[in-house]
Every structure is written in C-alpha cells, then in structure tokens.
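I am opening a notebook on this structure and will write down what I look up, one topic at a time. Each entry is meant to be followed with the structure in view.

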Amino acid sequence: MAKAQKPSLGVDLGGTKIAAGLCQEGEILKKVIFPTHAAAGFDGVISVILGAVEKVLEGRDHKDIIGLGIGSAGQVNAETGEVIYAPNLKWQNAPLGSALSKALKLKVKVLNDVRAATVAEHKFGNGKGLDNFANIFIGTGVGSGFVVNGRLVNGATNSAGEVGHICMDPDGPLCGCGNKGCLEAYASGTGMENYVKAELKKGRKSIIKDLAESKFENVRGPLIGKAADQGDELAIAAIERVGYYLGIAAANIHTMINPEVILLGGGMMALKKYFMPTLLQTMKIHILPVADHGRELVREAKFENDAVLLGGSAIFA
Ligand SMILES: [Zn+2]
C-alpha cells in the first residue's frame, strides 16, 4: 500500500469569515472558523489567520505539514502570493503569502478563492480525471476557474476565468465592476434580486411584496425561492432569467474552450430546479454544434462550503 501523504493546511479567506483546516488527501481532519475582522487591516487579518492555523495544528510540528494553501477573495498573483486587489478586504497589493510564510516557516501558496475551489474539484471532486473543465460559482457574484489541458489557467494578469464579467449586453444593467451588462449583473443572486425589485417598482403583481413586508431590503434569494415554491410568476420568471443568461454563458464557454463539462456550484444552486431546464435549453440552442459532444455538458460541483479550504490544501496534495 502507498504511504499516506503528509497533511497540508487550507485557508478560505473571505470578507466576513476565515475558515482554516488541516487536510489529507481530500479529507478535512480538523476545521475552525473565525470572523475576518477586515476593519482591523492587513496585520489584524494576518493575526486571525495565524490564530486559526495554530488552533487547527494543536501543537503539531510544522515539519509534519507539507504547506499552507489559501483561497482568497479578490484578484491574486499566484506566483508571488500577493493579493492584488480585494475590495471586500479593502486590500491592494497585500503580501499575504510572504507574511504567512515568514511567520509560520511553511511553504505558502495563494490563489483566488474560486480558482482554489476549482483545484479541489480537479483533484478530489467532480472534475477528477478531467483535463478540460470549467467550474462556475454562482452566489452573490459569479466567478469561475478553468482547467485546460490538465492545468489551472491563471492568465497574463491573473484574471483568467472572470466569467462573471463577460458582456451579455453593452446596454445592460450596471455591474459592480463599473461596466454594463456583465453576466454577474444578470445571473448572480444580487442580479436576480435587482431584477425583482425593478419589476416590483414598475407595479408588477407578486406575493414577493407581501413576503418581504414591502421592504426592498428583504427581497433576497431565499425569499424569491419561497415565492417560486408558491407558484409566484415573477419569482419563477426571475429565476428562469438567471438560467437563460447562464445558458448563454455556458454555451459560449463550451464553444470557446471545448471542455468536457462545466461544473456549477454556489448558493444559487438552491434554486436549480427552477433555472436548470432553461439553462440547458438555452445552452443547446447557442452552443457550436461541433463543441456539443452529446454527453452531459453541465454537472453540479461536489464541494459546497468547504471547496475553497480543500482547494487551498489541495495545491500541495
Ligand atoms: Zn462586471
């Protein structure tokens, strides 16, 4: 029997919480979660990560660990371990990898969070054994990671896979990035909520108004899902609209990189029964016929909340 590989550490660094885990061959041996305290600045966040790592190691010798991999929110330089820009951490050019490596005396690698989740899917999840696939995460935003010819794609400026910001309509709604009509402005949880709010403002009838007690800030994804469960037309139309735009994006990805499959994950998957039929139908219409291999074109990702943490650790697995 092959000797088991040494464990590695994975960290999921988000704007509100930090999860750290000790992992071995795709399994989490121990995990802790702490609030990020982003307002405390770079040094404050580093202290939280160090505290989380020590808690997870429980006095275990650092020599027994292969390395620490971090999936961070924002744009990351995977070579230098720098976080170039992360608006929800309020970081610019933050030397995350080198600061942690110095403090822990461990090898440290940093990836964008969705790219880290893609590594987890590639090594241990539903992308295992595949040389070409895309992993799209649909939550409050839309992100993705691409594996092409067996390797994760970073791109010339580490922004490969920013599928949330491909343009669906140059005259479309404003996106958080400053451009108009990005996929994220339509197909994210936020995009769906904004559509429902705009329709309600126009006077469209819907039980969402009552469920939200006429407060726009209450119009959130789970509430729209609840309205859809009760057969509300606006709620169902809003979720199907997400499927329509995701379907166009999925067709374009298939046409462009010809992957074996596109994996889908993230909080929006809770509403998949309402958007998947539209997504599949739209994708079939817009995909280049030669890119349609006739097998399953879209599949759910394996890992949910732990994808980024596992992916961080999997950089060393
Ligand atoms: Zn955008």
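From which domains does the lining of the second largest pocket draw at least three residues each? I began with the division of the chain, keeping in mind that this is a predicted model.

**Entry 1, domains.** I found the chain divided into domain 1, which covers 8-121 + 306-314, and domain 2, which covers 129-300. Taken over C-alpha atoms, the centres of domain 1 and domain 2 are separated by 27 Å. I then looked up who takes part in the contact, and noted twelve residues from domain 1 and 16 residues from domain 2.

**Entry 2, the second largest pocket.** Returning to my opening question, I noted that domain 1 and domain 2 each give at least three residues to the lining of this pocket. The space in the second largest pocket comes to about 360 Å³. Its lining is made of 18 residues, and those that lie nearest the centre are Ala-78, Leu-111, Leu-152, Asn-154 and Ile-315. I also looked up which elements give two or more residues to this lining, and they are strand 8 (108-112), helix 3 (113-124) and strand 11. Sorted by class, the lining of the second largest pocket holds eight nonpolar, six polar and four charged residues.

**Entry 3, the sheet that includes strand 11.** Since strand 11 had come up at the pocket, I followed it into its sheet. Strand 11 belongs to an open sheet of five strands with mixed pairing, in the order 11-10-9-12-13. Why is one side of strand 11 and of strand 13 left without a neighbour in the sheet? Strand 11 (151-152) and strand 13 (298-300) stand at the edges and have a single partner strand each, so one side of each lacks a neighbour there. The partner of strand 11 is strand 10 (residues 142-148), and the two run antiparallel, joined by two bridges. Opposite Val-147 I found Leu-152 of strand 11, and Leu-152 is also one of the residues nearest the centre of the second largest pocket. Towards the other edge, helix 9 (residues 272-286) lies across strand 12 (261-265) and strand 13, and runs at about 160 degrees to strand 13.

**Entry 4, the sheet of strands 5, 6 and 7.** I next looked up an open sheet of three strands, which has the order 5-6-7 and antiparallel pairing. Strand 5 and strand 7 are at its edges with a single partner strand each, so one side of each is left without a neighbour in the sheet. From one strand to the next, the twist averages 20 degrees.

**Entry 5, the two hairpins.** Strand 5 (residues 75-77) pairs with strand 6 (residues 82-86) over three bridges in the antiparallel sense, and Gln-75 stands opposite Tyr-85 in strand 6. Four residues lie between strand 5 and strand 6 in this hairpin, and Gly-81 in the turn has a positive phi of about 80 degrees. Strand 6 is in turn joined to strand 7 (residues 91-94) by three bridges, again running antiparallel, with Val-83 opposite Ala-94 in strand 7. In the hairpin of strand 6 and strand 7 there are four residues between the strands, and Lys-90 in the turn has a positive phi of about 60 degrees.

Note on methods
Residues numbered from 1 in each chain as written. Predicted model: local features only at pLDDT ≥ 70, side-chain atom pairs only at ≥ 80, totals over all residues. Heavy atoms only, no water. Pairing = 2+ DSSP bridges. Contact = heavy atoms within 4.5 Å. Axes fitted to C-alpha atoms, helices over the stretch in contact; angles between N-to-C directions. 1 Å grid on protein atoms, 1.4 Å probe; cavity = no way out; pocket = protein on both sides within 12 Å on 5 of 7 lines; lining within 4 Å. Points joined across faces, edges and corners; volume = space filled by probe spheres on them. Nonpolar A, V, L, I, M, F, W, Y, C, P; charged D, E, K, R; others polar. Domains from an automatic or database assignment.
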